[in-house]
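Trainee: I would like to go through some terms and see how each one is applied. Please show me the structure first.

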Amino acid sequence: RVGGPGGLLKILVNCTRQLAPPTAAQKQRQQSSQAAAAAALMSASGAGSRRTPEAAAASKAQQSSYCQVKLGQTVLRTPIAHHTAAGDAVWNWQLSLALPVGLAELATTPPSAAAAEATICSFAVYEAPTMGDPVLLGKARVYLPALQLLPNAEPRSVLLPLKGAASSKAALHVSVAWLESTRQPQQQHRH
């Protein structure tokens, strides 16, 4: 079998659309955690800041983002994409997730608790600061049977609105495909 008992879910995380930089409240939380970390680092090393004003201005224009994908208990993430704050984050990163049950079965029968957990795929886009905790930029969820994926068909392109984002037009572009093994089980020959 390919992937799990239900096959393999291939997700291509393409890019974000109109994702604004973090809000002032998000930045405030990030800066306070960064300031505490920087103070601890400076007191431990005894060094002052060697950063030039030009470097500080350049870092404000740049943003580093990654996307985290969760299906059931499996959590995967893309590498960090560096982009301007006004530009879209582009990953073009493929993730593969094993399915505990086939998507066709999930759409027609009431799933078990474990299988029900595998019907929702969650996406979260984070800003990845150099220091401090990541800042959530937006999140989306998709109910997989609603995509009406066919096994071994072309990937389906989906534009997911990002909830909690600074811009109401922010979205995540992904492509999703469901792969199943096409091999027939071999019958054992007895001699």
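Mentor: Buried means under 20% relative accessible area, exposed means over 50%, and partly exposed lies in between, with a 1.4 Å probe and protein chains only. This is a predicted model, in which local features need pLDDT of at least 70 and side-chain atom pairs count only at pLDDT 80 or more, while totals for chains, interfaces and linings use all residues. Residues are numbered from 1 along each chain as its sequence is written, and side-chain values use heavy atoms, leaving out hydrogens and water.

Trainee: Why is cysteine 67 called buried?

Mentor: Its relative accessible area is 0%, and the limit is under 20%, so cysteine 67 counts as buried. Cysteine 15, at 9%, is buried too.

Trainee: How do you know that cysteine 67 is too far from the closest cysteine sulfur for a bond?

Mentor: A disulfide needs two cysteine sulfur atoms within 2.5 Å. The closest sulfur to that of cysteine 67 belongs to cysteine 121, 8.9 Å away, so there is no bond. A search of the whole structure finds zero disulfides.

Trainee: What makes E5 and E8 edges of the sheet?

Mentor: Strands are DSSP runs (E, at least two residues), numbered from the N terminus, and two of them pair if DSSP finds at least two bridges between them. The open sheet has four strands in the order E5-E1-E9-E8, with antiparallel pairing. E5 and E8 each have a single partner strand, so one side of each is left without a neighbour in the sheet.

Trainee: How do you know that E1 and E5 pair?

Mentor: Eight bridges join them, and at least two are needed. The two strands run antiparallel, and glycine 7 stands opposite leucine 99 in E5.
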